[in-house]
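Trainee: I have a model open and would like to go through it with you. Can we take it piece by piece?

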Amino acid sequence: MKVHLNRLAPVAITVLALCLALAVVPAQTATSDQKGPETLVIDGGRKGNITLPHREHQQNLKDCKICHSIFPKKAGSINAMKDDGALKKKQVMNKLCLNCHRALKKAGRDAGPISCSGCHKK
Ligand code: HEC
Ligand code: HEC
Ligand code: HEC
């Protein structure tokens, strides 16, 4: 029986593609530990702390880097970076949180709070 290589090639490619697809799966099914808490509290200084619905933002925004390219996936990292000058006070608030909420609101879409008391609670 003659087996043509070019007949096997598509099979080999399919198998390879399947292996690659399977190899990617574990990275997508992050445990809740890797995803961080469902909600978390950010230090808001004298205005009072902010409760961030973390999971809701992950689901809405899809891309972790929207926030975590600015500060790492670590509790307390914003404060640590403000302490050593890597972030200015209110930089995350203005450049990240409020920028997005304002842009969405302007576009007529569901947006997060823009008023101080919408985020800061005493
Ligand atoms: C809207 C902004 C935002 C997005 C988007 C976001 N995070 Fe976070 N994440 C935060 C903030 C804020 C903190 C806490 C930082 C601090 O305490 O200074 C945090 C903390 C974490 C922590 C550390 C929790 C702990 O207790 O140490 C992990 C893990 C994490 N995020 C994972 C993720 C993953 C994975 C994604 C994407 C699926 C994601 N985050 C998307 C804002 C975000
Ligand atoms: C969308 C949520 C949000 C809104 C709305 C908001 N803030 Fe903030 N604010 C934050 C976050 C997050 C931080 C902590 C990170 C930072 O300093 O950028 C913060 C920090 C602060 C701090 C502490 C800064 C420091 O390091 O001492 C003050 C003061 C403050 N906000 C005042 C205000 C005032 C005044 C308003 C209304 C005009 C307001 N915020 C509206 C999210 C918000
Ligand atoms: C890229 C866009 C984007 C960024 C960045 C972002 N948000 Fe939001 N935020 C949203 C959207 C979208 C909603 C949901 C609006 C809705 O569904 O009603 C929301 C909702 C919220 C709510 C209200 C949740 C509720 O259930 O009432 C809070 C509080 C909030 N965001 C705080 C923050 C803080 C604090 C930061 C910065 C650390 C931040 N957001 C960064 C888009 C963003």
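Trainee: Leaving aside its neighbours within four places in sequence, which residues is L87 in contact with?

Mentor: With those neighbours left aside, L87 is in contact with I78, M81, K82 and V92, where contact means that the C-beta atoms of two residues, placed from the backbone, lie within 7 Å. Before we go on, keep in mind that this is a predicted model, in which local features need pLDDT of at least 70 and side-chain atom pairs count only at pLDDT 80 or more, while totals for chains, interfaces and linings use all residues. Residues are numbered from 1 along each chain as its sequence is written, and chains are lettered from A and ligands numbered from 1 in the order in which they are written.

Trainee: Where is L87 found, then?

Mentor: L87 is found in the loop between α5 and α6, and its C-alpha atom is separated by 8.8 Å from that of I70, 17 residues apart along the chain. Helices (H or I, at least four residues) and strands (E, at least two) are DSSP runs here, numbered from the N terminus.

Trainee: Why is L87 put down as partly exposed?

Mentor: Because L87 has 18 other C-beta atoms within 10 Å, it counts as partly exposed. A residue is buried if 20 or more other C-beta atoms lie within 10 Å of its own, exposed if 12 or fewer, and partly exposed in between, with C-beta atoms placed from the backbone.

Trainee: And how much of the protein is buried?

Mentor: Buried residues make up 2% of the 122 residues. As for long-range contacts, residues 24 or more positions apart account for 28% of the contacts with a separation of 6 or more.

Trainee: How many helices and strands are there?

Mentor: The protein has seven helices and three strands, and from the N terminus on the elements run α-α-β-β-α-α-α-α-α-β.

Trainee: In what order do the strands sit in the sheet?

Mentor: The three strands form an open sheet in the order β1-β2-β3, with antiparallel pairing. The edge strands are β1 and β3 (120-121), each of which pairs on one side only. Two strands pair if DSSP finds at least two bridges between them; β1 and β2 pair over three bridges, and β2 and β3 over two.

Trainee: What links β1 to β2?

Mentor: They form a hairpin with six residues between them, and G45 in the turn has a positive phi of about 60°. Across this pair, L40 stands opposite L52 in β2.

Trainee: And which residue stands opposite N49?

Mentor: N49, which is in strand β2, stands opposite K121 in β3. The C-alpha atoms of N49 and H120 are separated by 5.3 Å, although the two are 71 residues apart along the chain. Leaving aside neighbours within four places in sequence, N49 is in contact with V41, I42, D43, G44 and K121. N49 has 14 C-beta neighbours inside 10 Å and therefore counts as partly exposed.

Trainee: New topic, the ligands. Which residues come nearest to ligand 1?

Mentor: Of the 24 residues around ligand 1, G36, C64, C67, A75 and I78 come nearest, where a residue is near a molecule or strand if its C-beta atom, placed from the backbone, lies within 6 Å of it. The elements that give two or more residues to this shell are α2 (32-35), β1 (40-42), α3 (54-61), α4 (65-68) and α5 (77-83), and the largest share, four residues, comes from α3.

Trainee: What about ligand 2, which residues come nearest there?

Mentor: Of the 24 residues around ligand 2, those are G45, V92, M93, C116 and C119. α6 gives the most to the shell around ligand 2, with six residues.

Trainee: And which come nearest to ligand 3?

Mentor: Of the 18 residues around ligand 3, N60, C97, C100, D110 and G112 come nearest. The largest share of the shell around ligand 3, six residues, comes from α6.

Trainee: Where does α6 bend?

Mentor: α6 bends by about 40° at L98, the bend being the angle between axes fitted to the seven residues ending there and the seven starting there. α6 is followed by G108, whose phi is positive, near 75°.
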